[in-house]
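Student: Please take a close look at a single part, the lining of the largest pocket, and say how its residues divide by type. Then set that lining against the rest of the chain.

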Amino acid sequence: MDWTAEAIDQLRAFWDEGLSTAEIGRRMGISKNAVVGKAHRLNLPARPSPIRRDAAPRPKPAAATPRPQAPAAAP
């Protein structure tokens, strides 16, 4: 992608609106990674990760309890 002054201005405007990198890429017709790379090179303000790291870990599901066995039939 050739980063013209207009494209950079558009990227900055979308970034300031708070759009996701994927949405900016869709609107500009470029990849999300191109957006991320250019934002980094422009030193645009960092965003919080969409993957929440501050939440408590989810509890593991309880182990399945075995079903009771039916008594064996007498011969």
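Tutor: The residues that line the largest pocket divide into nine nonpolar, four polar and two charged. Here Ala, Val, Leu, Ile, Met, Phe, Trp, Tyr, Cys and Pro count as nonpolar, Asp, Glu, Lys and Arg as charged, and the others, Gly among them, as polar. The model is predicted: local features need pLDDT of at least 70 and side-chain atom pairs count only at pLDDT 80 or more, while totals for chains, interfaces and linings use all residues. Residues are numbered from 1 along each chain as its sequence is written, and side-chain values use heavy atoms, with hydrogens and water left out.

The volume of this pocket is about 310 Å³. Of its 15 lining residues, W15, T21, V36, A46 and R47 are the closest to the centre. A pocket is an open set of points on a 1 Å grid over the protein atoms alone, where a 1.4 Å probe fits and protein lies on both sides within 12 Å along at least five of seven lines; a lining residue has an atom within 4 Å of a point. Grid points are joined across faces, edges and corners, and the volume is the space filled by probe spheres set on them.

The chain has three helices and zero strands, in the order α-α-α from the N terminus. These elements are DSSP runs numbered from the N terminus: H or I over at least four residues for a helix, E over at least two for a strand. Both α2 (21-28) and α3 (32-41) supply at least two residues of the pocket lining, and the largest share, four residues, comes from α3.

T21 is a useful residue to follow. T21 belongs to helix α2 and counts as buried because its relative accessibility is 16%; buried means under 20% relative accessible area, exposed over 50%, and partly exposed in between (1.4 Å probe, protein chains only). Apart from neighbours within four places in sequence, T21 is in contact (heavy atoms within 4.5 Å) with W15, K32, V35 and V36. Two of these partners, W15 and V36, are also among the residues closest to the pocket centre.

V35 leads on to the buried side of α3, where V35, G37, K38 and A39 are the buried residues. They pack against α1 and α2. Just after α3, N43 takes a positive phi of about 55 degrees although N43 is not a glycine. N43 counts as exposed because its relative accessible area is 65%.

The largest nonpolar core can be set beside the pocket. Of its 14 residues, W3, L11, I24, M28 and L44 touch the most other members. Such a core is a set of buried Ala, Val, Leu, Ile, Met, Phe, Trp, Tyr and Cys residues joined through side-chain atoms within 4.5 Å. Each of α1 (5-17), α2 and α3 supplies at least two of its residues, with α1 giving the most, five residues. L44 is in contact with L11, R12, W15 and A39, leaving aside neighbours within four places in sequence. W15 is thus a contact of L44 and one of the residues closest to the pocket centre.

For the whole chain, 24% of the 75 residues are buried. Residues 24 or more positions apart account for 53% of the contacts with a separation of 6 or more. One pair at long sequence separation is M1 and I30, 29 residues apart in sequence and 7.7 Å apart in space, C-alpha to C-alpha. M1 touches I30 and A7, not counting residues up to four places away, and still counts as exposed at 53% relative accessibility.
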